[in-house]
Amino acid sequence: MLEVKDLSVSYGGIKAVKNISFQVPKGEIVTLIGANGAGKSSTLRSIVGLVKPKTGSIKLNGNEIAGKTPEQIVSQGITLVPEGRRVFADLTVLENLKIGAYMRKDSLEEDINWCYDLFPRLKERNWQLAGTLSGGEQQMLAIARALMSRPDIIMMDEPSLGLAPIVVKGVFDIIREINKQGKTILLVEQNANMALRAAHHGYVMETGTITLSGTGEELESNESVKAAYLGKN
Ligand code: ATP
């Protein structure tokens, strides 16, 4: 369970996140939706320690993680799949997976096999350089690499960005499957349709604050959410 309370993030004088509070209960998919610049990425980056929160508390299973280093935070069971995938282009698929587990000292075989069961496409491409994978395959690899640290909670920053609709569907199928297999997920998306459909709970962010929250279904049928964020499909 992740509990964020009164979190603020600033860059110099710019307040990107302003006193937000939300929860990600164990076993759920929770989504943060909102327009460009709403502060979604800053929220995820502060949870994993890539930017230091200005104020607030971030508790993971009751332990305070705000202000800790990314290494300390990841070792406590939470990880981030960053926006733009960022796989190591000059390394193979297998090498990318091994890097995801660099903090672990135990055997990786079981986890590599688990990732290859989830993503058969990656298994076929074990020795291919990651930079030559398609956009969708790179997104799968970025997710699989994050799973290699054996997180309880996996945060994903716009996993559907720049992918064709059919590929986006595949990404969301995988998100649901990973969740079914026990992982808690915090998902940041501009594709509000897909995100709310997949999520148990959602929060709407606007200019650094949370303006609405509810179950995925409630937000999907909310008139102001429909008008601002949902297309026709
Ligand atoms: P997007 O979907 O476009 O990534 P977002 O909701 O994730 O948007 P953030 O990326 O968190 O929003 O940005 C929130 C605000 O903080 C924006 O005004 C942005 O310009 C600013 N910001 C983000 N990162 C930095 C940074 N490293 N330095 C200065 N300002 C930043």
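**Exercise 1. Find the helices that the buried residues of α3 pack against, then work out which side of α3 those residues sit on.**

Step 1. Start with the packing: the buried residues of α3 touch α4 (109-118), α5 (120-124) and α6 (135-147). Buried here means under 20% relative accessible area, with exposed over 50% and partly exposed in between (1.4 Å probe, protein chains only). Contact means heavy atoms within 4.5 Å. Helices (H or I, at least four residues) and strands (E, at least two) are DSSP runs, numbered from the N terminus.

Step 2. Now list the residues. In helix α3 (residues 93-100), the buried ones are V93, L94, N96, L97 and G100.

Step 3. Check the directions. These residues span an arc of only 160° around the axis, which puts them on the same side of α3. The arc is taken from the directions from the helix axis to the C-beta atoms.

A word on the ground rules before going on. This is a predicted model, with residues numbered from 1 along each chain as its sequence is written, and local features need pLDDT of at least 70, while side-chain atom pairs count only at pLDDT 80 or more. Totals for chains, interfaces and linings use all residues, and side-chain values use heavy atoms, with hydrogens and water left out.

**Exercise 2. Decide what surrounds M148, and place D111 and R150 in the picture.**

Step 1. Locate M148: it belongs to the loop between α6 and β7. With a relative accessible area of 0%, M148 is buried.

Step 2. Collect its contacts. Not counting residues up to four places away in sequence, M148 touches L97, G100, A101, R104, L108, D111, I112 and C115. The C-alpha atoms of M148 and K98 are separated by 7.4 Å, though the two residues are 50 residues apart along the chain.

Step 3. Follow one of those contacts, D111, which sits in helix α4. D111 is buried too, at a relative accessible area of 7%. Leaving aside neighbours within four places in sequence, D111 is in contact with R104, M148 and R150.

Step 4. Look at the side chains of D111 and R150: a polar contact of 3.0 Å joins them. A polar contact is a pair of N or O atoms within 3.5 Å; within protein, one must be able to donate a hydrogen and the other to accept it, and residues adjacent in sequence count only if both atoms are side-chain atoms.

Step 5. Finish with R150 itself. R150 is in the loop between α6 and β7 and counts as partly exposed at 38% relative accessibility. Its phi is positive, about 55°, although R150 is not a glycine.

**Exercise 3. Work out how enclosed β7 is, and which strands pair with it.**

Step 1. Count the buried residues. In strand β7 (residues 153-157), five of the five are buried, so the strand is largely enclosed by the rest of the structure.

Step 2. Split them by face. I153, M155 and D157 lie on one side, I154 and M156 on the other, and both faces are covered.

Step 3. Pair the strands, which takes at least two bridges found by DSSP. Strand β6 (residues 78-81) runs parallel to β7, with four bridges between them, and I78 stands opposite I153. Strand β8 (residues 184-189) is also parallel to β7, joined by five bridges, and here I153 stands opposite T184.

Step 4. Trace the connection. From β7 the chain crosses through helix α7 (residues 165-180) to β8, in a right-handed β-α-β crossover. Right-handed means that, with the strands pointing away from the viewer, the path from the first strand over the helix to the second runs clockwise.

**Exercise 4. Identify the residues that come nearest to the ligand, and give its polar distances.**

Step 1. There are 13 residues around the ligand, and N36, G37, K40, S41 and S42 come nearest. A residue counts as near if one of its heavy atoms lies within 4 Å.

Step 2. Take the backbone. An N or O backbone atom of A38 is 3.0 Å from a ligand oxygen atom, and a polar backbone atom of G39 is 2.9 Å from one.

Step 3. Then the side chain: an N or O atom of the S41 side chain is 2.7 Å from an oxygen atom of the ligand.
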